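Student: I have a new structure open and would like to learn how its descriptions are justified. Could you go through it with me?

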Amino acid sequence: MTAPQIEVLLQTLIAGFLLGGLYALIGIGMTLIMGVMKIINLAHGELMMVSMYIAYWLFTLFGLDPYLSVFIAAPVMFLIGVGLQKFLITPVLKVDSILPENQVILTVGIAMVLSNLAMLFFTSDYRSTPVSYATSAWYLSDHWKGSPIELSLSIPWTVSFVFAVAITAGLWFFLTKTDTGKSVRATSQDFQAALIMGVDVDRMRMLTFGLGSALVGAAGCLFIPIYYLYPSMGGQFTLIAFVVTIIGGLGSTAGAIIGGIILSIFESMTATYLGMGWAPVDRFVVFVAALIFLPAGIVSLARKRRLGK
Amino acid sequence: MKRYLPFVILALLAVVPLVGLNSYLMHILILFVMWSVIGMSWNLLGGYCGQVSFGHAAFFGVGAYTAGIFYAKTGLSAWWGLPLSIVAVALFALVIGFIVLRLRGPYFALATLAMGEVLRVTAENLTNLTGGDVGIMIRERTWVEKIWYYYIILAVAAITFYLVKIVVQSRLGYYFVAIREDQDAAESLGINTTLYKTIALSLSAVITGLAGAFYTNYMGYIDPKVVFALHDISIITIMVVMVGGVATFWGPVIGSIIMILMSEVIRSIPMLGSAHQTFFGMLLIIIIIFLPNGIAGDFKKLKRLIRTGRTT
């Protein structure tokens, strides 16, 4: 390999790694909801789209930086998530029907309404937030004069990555150190046992759906400086969230982080070496490979090793 | 009376165009019958066998593209696509089934959804085979009159209805329902669940593919965004069955009438034309919360609701 080729490869890996942090954030929201409620939220990407519109309008109308709008959009998304769970999903859990997948189909209905309403109100134009630092980057040669290869690190991508890591760390703290977090995990492991132990399962479900929505909402705010926004973007992000969850192992937060990074590195490799148009196809390839070779996800590897010792 | 109902309705549907409907109404009728076919095929897999597929556009699109590519490459009539699509879609369904039928419930649903999307992207990128986003145009129309297209799809619908009825009332149908109700119990009773799920998927896929091949001939133009559409094909397929009635013979037919009428009415209202997905989504939410088994499935409940509404 010649130096330019190595440069391209390293650059691709860096881009993939940074994107991975955001994918992980989207995936964690999905995996939480999936773990606690045993349903797949097919409106996940659409919730992210809603939050991106919040960030977009905050930026356009008030000039608020997208990274600061995380603190507004995430609580708003939390409330939306709690509302969805309380008024739509809980009633469906109670009705008796032939198909058990009714809740999944319900989230499809929610997704359709959200993306179509966004198109009606905001038109299907592509939008983005032209922040001043959008194209700025750090260059390796600035810090290391004699470097044989040149690498660059986009500032918004890096900031988004750092934010994603910080939010993930905060979530980890919440889930492992606080009583409420422990109740959420208990509900996820065995909701009947949790019920017997005095956990308010219905409240935990609402909290989880809200938390999952808030996480994907935060991811939306972090995405908007580096990506563009249009009403029908939700579908592909729902798929990404799902693939990340499958690679990582259902209901596992740590798995979702690794899954996000694996998927995004794979995607940026495909984009560099095969062409942008093929990225959705390799999502499916990763997905199928994960199902065939690692049906329980990355976390199953860790568990196996622990049992072996 | 109930035994003869299918024949009466078939005879009625066969006579309707003789009244002399205009081209637009014929188009609506054809769409209605075509969606009934797709709905009935989905119902076989989703309603009876319990495997909720979000990717029937994949089968529809493969059928449509079989006819389209055959026409574009050989120059022979695209009607050959109908028998060819049976073979092509059956093979495709076997391959896909091998992968996605390992999954259960929601995971199966998402895997099929991904499959539909992947096929759309693949069809967009394989420009030398599918023509990419330009699509395939059938330049020679077989008939100008829509009536012949109508009778062809009506024949397909009649055969499908009969086939679904035979399958569901046979041993096969009972296996399907057993798998839907409890896959592990079915397995432990000695039912080869993988085999029967594959049969259900292949049957369903082949019928949907046939409708796709018909669509190519009828519309004369296909492109990946139309035939592999997630919302306009896959989700509408589910809605046709959910609204009409899951696991009922007449459900898809009723659902198809409602969906086609609704989409035409919404389209004709000037301001709301682009809002049809909002209405579909809300209809879906309402149906799932209040009539989870659809109009035909919850007919008694619906009747009771209307009656109590009247007395109070």
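**How do we know?**

Tutor: Gladly! Let's start with chain B, where buried residues make up 49% of the 312 residues. Keep in mind that this is a predicted model.

Student: What makes a residue in chain B count as buried?

Tutor: A residue is buried if 20 or more other C-beta atoms lie within 10 Å of its own. In chain B, 49% of the residues meet that cut-off.

Student: Why does the radius of gyration of chain B agree with a compact globule?

Tutor: The rule is 2.2 Å times the number of residues to the power 0.38. For 312 residues that gives a value near 20 Å, and chain B has 19 Å, so the two agree. Along the principal axes, the C-alpha atoms of chain B fill a box of roughly 60 × 50 × 40 Å.

Student: What is chain B built from, and how many of each element are there?

Tutor: Chain B has 16 helices and 2 strands. Among its contacts between residues at least 6 apart in sequence, 76% join residues at least 24 apart.

Student: Which residues touch the most other members of the largest nonpolar core?

Tutor: They are A:I26 and B:I153, in a core of 192 residues. Helix 1 (residues 3–37) of chain A brings the largest share of this core, 15 residues.

Student: How do you know what B:I153 touches?

Tutor: Two residues are in contact if their C-beta atoms lie within 7 Å. Leaving out residues up to four places away in sequence, B:I153 touches B:I30, B:V33, B:M34, B:V37 and B:F214.

Student: How many residues does each chain give to the contact between chain A and chain B?

Tutor: Chain A gives 35 residues and chain B gives 37. On the side of chain A, helix 4 (102–122) is among the helices that each supply at least two residues, and helix 4 of chain A gives the most, with 13. That side of chain A divides into 28 nonpolar, 6 polar and 1 charged.

Student: What makes the crossing of helix 10 and helix 11 of chain A right-handed or left-handed?

Tutor: The direction of turn decides: clockwise from the far helix to the near one is right-handed, and the crossing of these two helices of chain A is right-handed. Helix 10 (residues 234–248) and helix 11 (residues 253–273) of chain A pack at an angle of about 115°, with their axes 7 Å apart. The residues of this contact divide into 8 nonpolar, 5 polar and no charged; glycine counts as polar here, and A:G248 and A:G255 are among the residues that meet.

Key. Residues are numbered from 1 along each chain as its sequence is written. Chains are lettered from A and ligands numbered from 1 in the order in which they are written. This is a predicted model: local features need pLDDT of at least 70, side-chain atom pairs count only at pLDDT 80 or more; totals for chains, interfaces and linings use all residues. Axes are lines fitted to C-alpha atoms, for helices over the stretch in contact, and angles run from 0 to 180 degrees between N-to-C directions. Helices (H or I, at least four residues) and strands (E, at least two) are DSSP runs, numbered from the N terminus. A nonpolar core is a set of buried Ala, Val, Leu, Ile, Met, Phe, Trp, Tyr and Cys residues joined through C-beta atoms within 7 Å. A residue is buried if 20 or more other C-beta atoms lie within 10 Å of its own, exposed if 12 or fewer, and partly exposed in between; C-beta atoms are placed from the backbone.
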